[in-house]
Structures are given as structure tokens and as C-alpha cells.
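Here is a friendly walk through one structure, meant to be read with the model open beside you. Take your time and turn the view as you go.

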Amino acid sequence: MNKTLENRFYYLDNFVTVVESVRARYRHLLTLEERAFVDGFDGLPQASAALLVRMVMRKGALFRLSKLRYDEIGCAGSAAAALAAAGWINPQPLLDLGQLFSVLTKAEVVAAFPPLRANKGARKSEQLTLLCEAEAAEGNIVRARSLAEWCPDVGDSLLELSAPVAALCDRLRLMFFGNLYQDWSEFVLSELGIFNYEQVDLSPAAQGFSTRQDLDDYLHLHACRERFHNGETPQAVVADIAAEPYSNAWLEERRSKLLFQVAQHYERIGELSDALRLYADNSRPGARLRTIRVLERRGQPEAAFALALRAERQPESEAEQQQLLRVMPRLRRALGHPKLAKPTAAMIIQHEIELVRPDPGISVEAALGQHLASADAPAVYVENALINSLFGLLFWDAVFAPVPGAFFHPFQSGPADLHSSDFRSRRAALFDAGFAMLHNGGYRQVILHNFHAKESTQSPFVFWGLIDDKLLTLALDCLPPLHLQRCFERILQDIKSNRSGLPDLIQFWPAEKRYRMIEVKGPGDRLQDNQIRWLDYFANHDIPVAVYYVQWAGESAR
């Protein structure tokens, strides 16, 4: 049996791990009250500590005692006494009608409020609305009461997790994980072997936050993001977001991303003035291009053209450069400027092919692969898996190097600065060593070694389950190191964008030590922008690639 399952208090041990880590690394960022919690937690009886952790890990703040049944804890009422004495839970919370309905069953609601019997088939939310409307019509002010006052015969009691304790536990989770999207389940998934993580040396100095203000700002931005995604008016949300950029680059990335999303919302609903204001002040990649588009839509081609000219001179990325090739002719035409000659397009081999429509469940990529493959020239579906995996296996040590600010907890699938502009430069020696192995032949041994030594370990690049020894061997036999170098260099230019868009298939000729990549387009499908950029790059660097446009036999093209 797994040790996690053998230890009935595994969740408590995991919580203690977080508390001890925060106490060791972030004590200076805690208030006196927060220090009292992390120091006092160790002094709780085991059953009381376990009950608190169970409550923290469940949703909501209100818990019926009858629902807190855990064999390892025993009597929850007895375990709660120490928590109530510490002020960390409230054993007699007062409830408004909404809170009361949230903890009662429908049958209990009807028993507590007989007038609702006529609507016992309605949903609880509908019953609550009916009751509130009836009380308001009679001019009654409904005061908050305890569960016993509301429902003397319910035969149960409530515990309420203290709001400050709940907020502190979220803060502890944030300090430990460096984010709020990971939660306590990470420990269990790791201990059960579902997820395996690279073990990076974490020194006490490995901190995701350097000041308490950073923590407060993160939590504030998270709350603003939740409000926006839950439908609150964007004006109200934007009013609460800092107008000036944060000095912390990581937090500023989050602020600019949220404002970019709000601007996109404004653009979609036609509020172009608000969209333009948020785009124009945003440093996030893509914001400048959106500014140009909005200026166009607002009938300001001169301003759009001026900004596009600046972007042409210093494009922020290949994606922006690609989009400008479409935008500039339109702006030139609108302003009466002479038409410029189109840049020469890269020559990409293209084929049109007709195949018999395959059985349901067989993709167009698989159908073409089966058609093209032969005994001495296998064709394999790889899309983004192969090149990324070769990159991740060769540069494993670089990706997981313990540079400051990259790793601060044991459940990271990759470094926190993966998409930062200085990601490569901060690991220059390790990346240089990897590229050197492409020249001296050592790359093959490193890739194969890491494939076996790191099997199933989480990585932002390696597609475990989609690659195997046979595929790796074919790739290493047939792909020249120069071609690998070209692909890896491009990934490093823009990791976020260039990990995707790679061709669907790869075909090998092992006897001839050669290969080709194949992008597949089914009926009615077209090349996406990131695919076009990869195809152009391959053509410009003499990397063999072809595009196949597939039609089904006997069916007209759409």
C-alpha cells in the first residue's frame, strides 16, 4: 500500500511541511498575528490540528458537525474545542438566510419555513428568493441567528472557519507555491506517483516574494481577476488595479495580462475608446498590434500607420512582424500611399492529394501517415512532441538549473522565469554546453540518458508517453545536429510562441539517414500563423518540410 494511504494524517503532514517552509523562508514577511498562528499550530493536539486542516482544504467556511466525520480525528466536537479556544474557528456562528440555506437540505428548509411547503419542488435558490420577497413585503428585517435559533429541531451544530485564518492559509499556500492555482492536492498527486517533479536544490534564499507588499499585490490582483471573470463591470475592476506598473517584473506581467484581457473585452463589445486606453498603456506582447487595429476601427489611419511604422522598424516578435505584413498594405491603401512590392515568400513544397475517407476515429494526419509510410520509410505523428522533447532532454540541466527566482517549491514542472526575456542569458553557460554537444557528438548520449533517467518527470518540454526509444533512435539517426541546432535556437528565441506550430508528421528514411517533416491540412483547413512561421523558418534554413492538402475521394473540395 502507498505510504500516503497508510498514513491517515498525510494531509496534516503536508500542511505542516508548508507551515515549516514558510516559517523558515518568509518569517520576516509575517505579521505578529500570523507568526502566532504558524508558531502555535505545532502546539495543537493532533486531532485538533487535523480538523483545522480538513476544514481549510474543503470549500467554504461553514461546516456542519455531522459532516466532519473522519476516523482518524474521532469526535469532531471534542477536536474543535482547542481551535475555538485559539479563536481560529467560531463554534456558534450567526447566519443570514443565504448562509442558512447553504447548510440546510431542501427537506430541512421546508421544515424550518412551513410557508415554503407549497413550493417544496422548487430549487433552494428559488425558495430563498420567495422567502426573502415575503419577508420584505411584510417589512420584516431578518436578523442573523445561530443554527439552533433558526432550526431548534435540526439536531446538529455548525463550525465556522475564521476568515483571518482562511485568508492566512491562502497566503501560506501562495508563499509556498508562488501561485494560487496549485493547491494541497499537489502533495498527494506527487506522493501517489501520479506526478513526478525534478528535485531542484532549494536554499533558504529561494523565495518567490521579497517583500510583504509583493504578497499583498499578488493577492489583490488575484481578487481583481476573479471579480472580472465572475462578471463584475470592467470599469469597477480597472479602477482597483494599480495605474502605474509594478517594480516587480513578475507582478507587472500579471497586471499587464489582466488589463490586456479587460481591453480585449472592451474591444469585443465595441467600447473602443476604453480598449485603446488600456492597450496603449500596456507593455504586454501583442498590445501594440491591438492598438493599431483599434486605431483603424476608430477611423484613425494616420495614428495607426505611424505606430505600425515604428513597429516595423523594431518588431517585438515574429508574430507581430507577420501581422504587420497584412496590416501595412491596408493602411497604405487607406492613406493613399504607393503600394510596395511584397517580400519574396519562402519556397515551401506543397502537395495536393486525394485519399479514401478513413473509418471514423482515424484522423486526417493518421490517414496520410498510413498512405505515405512504407517498411523502409516510417511516418510518425509527432506534431510538437518530438522537437520539444529533444530540446528538453538535451537541455535538462539548463532548464532545471537552480538560478535565483526560478524555483521555490518542490512541485514545479519548470522554472518560474521560463518565458522571461533573460531566460537563456541567465543560464548561458549551460545552454552553450548543450549546443557544443551538437558539434562534438555528445548530444545523443545525453538525450538518451535523460530519457531513461528522468522518465515521467514533469517538464515544460518533454512529451512523456508520446515519445519512445524507437522514435528517439530514428530521430537521432536521421536528423542532422545542424538541423536540431536551428530548431533549438528558434525555440529559445520565443519559448512561449515557438513550442507550438510544428508539423504534424515526420517521415524517416533510416537507411539514407534523412527525413522530412510534413504539415497536414484536411478539407477546408488552412495553415495557422504559428505554423506558417515555422514553415518559413524551415525553408530559409534548408530543413526538409512539405505541406500536404488532403481531399477525400469523391467529395468536392470545400
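Arg-64 finds its bridge partner in strand 3, namely Leu-158. In this predicted model, that contact belongs to the pairing of strand 1 with strand 3 (residues 158–161), where 3 bridges join two strands that run antiparallel. Phe-63 takes part as well and stands opposite Leu-159 in strand 3. On the other pairing, strand 2 and strand 3 are antiparallel too and share 2 bridges; here Ile-89 has Leu-161 of strand 3 as its bridge partner.

Put together, these 3 strands make an open sheet with antiparallel pairing in the order 1-3-2. Which strands stand at the edges? They are strand 1 (62–64) and strand 2 (89–90); each has a single partner strand, so one side of each is left without a neighbour in the sheet. As a general point to keep in mind while viewing, side chains in a regular strand alternate between the two faces of the sheet.

**Strand 8 and its partners**

Further along the chain, strand 8 (residues 545–552) is worth a look. Is strand 8 largely enclosed or largely open? Of its 8 residues, 6 are buried, so the rest of the structure largely encloses this strand. Strand 4 (residues 349–355) pairs with strand 8 in the parallel sense, over 7 bridges, and Leu-355 has Trp-552 of strand 8 as its bridge partner. Strand 7 (residues 514–521) also runs parallel to strand 8, and 5 bridges join the two. Within that pairing, Met-517 stands opposite Val-545 in strand 8. To get from strand 7 to strand 8, the chain passes through helix 27 (residues 529–540), and this β-α-β crossover is right-handed.

**A pocket with strand 8 in its lining**

Strand 8 also turns up in the lining of the second largest pocket, where helix 18 (318–335), helix 27 and strand 8 each supply at least two residues. The space in the second largest pocket is about 1100 Å³. It is lined by 33 residues, and those closest to its centre are Gln-321, Gln-322, Leu-325, Arg-326 and Pro-343. Which element gives the largest share of the lining of the second largest pocket? That is helix 18, with 10 residues.

**Aromatic rings**

The structure holds 31 aromatic pairs. A pair of aromatic rings is described by the distance of the centres and the angle of the planes. Two examples are set out below.

| Ring pair | Centre to centre | Angle between planes | Geometry |
|---|---|---|---|
| Phe-195 and Tyr-197 | 6.4 Å | 75° | edge-to-face |
| Phe-391 and Phe-488 | 5.6 Å | 75° | edge-to-face |

Phe-391 lies in helix 20 and Phe-488 in helix 25 (residues 481–493), so their pair ties together parts that are 97 residues apart in sequence. Phe-391 is buried, at 0% relative accessibility, and Phe-488 is buried with a relative accessible area of 0%. In the other pair, Tyr-197 is buried at 11%, whereas Phe-195 has a relative accessible area of 29% and is partly exposed.

Phe-391 and Phe-488 also belong to a cluster linked by ring pairs, together with Phe-395, Phe-423, Phe-431, Phe-435 and Phe-461. Phe-461 has a charged companion: the charged end of Arg-499 sits over its ring, 5.6 Å from the centre. A similar arrangement involves Arg-145, which lies over the face of Trp-150 at 4.3 Å from the ring centre.

**Two residues with positive phi**

Finally, have a look at two loop residues. Glu-383 has a positive phi of about 45° although it is not a glycine. Where does Glu-383 lie? Its place is the loop between strand 5 (379–381) and helix 20 (385–394), and its relative accessible area of 28% makes it partly exposed. Ser-456 is not a glycine either, yet has a positive phi of about 70°. This serine is found in the loop between helix 23 (443–453) and helix 24 (469–478). With 35% relative accessibility, Ser-456 counts as partly exposed.

How values were computed: Residues numbered from 1 in each chain as written. Predicted model: local features only at pLDDT ≥ 70, side-chain atom pairs only at ≥ 80, totals over all residues. Heavy atoms only, no water. Buried < 20%, exposed > 50% of the residue type's maximum accessible area, 1.4 Å probe, protein only. Helix = DSSP H or I, 4+ residues; strand = E, 2+ residues; numbered from the N terminus. Pairing = 2+ DSSP bridges. Right-handed = clockwise from strand over helix to strand, strands pointing away. Phe/Tyr/Trp six-rings, centres within 6.5 Å; stacked < 30°, edge-to-face > 60°. Lys NZ or Arg CZ within 6 Å of the ring centre and 35° of its normal. 1 Å grid on protein atoms, 1.4 Å probe; cavity = no way out; pocket = protein on both sides within 12 Å on 5 of 7 lines; lining within 4 Å. Points joined across faces, edges and corners; volume = space filled by probe spheres on them.
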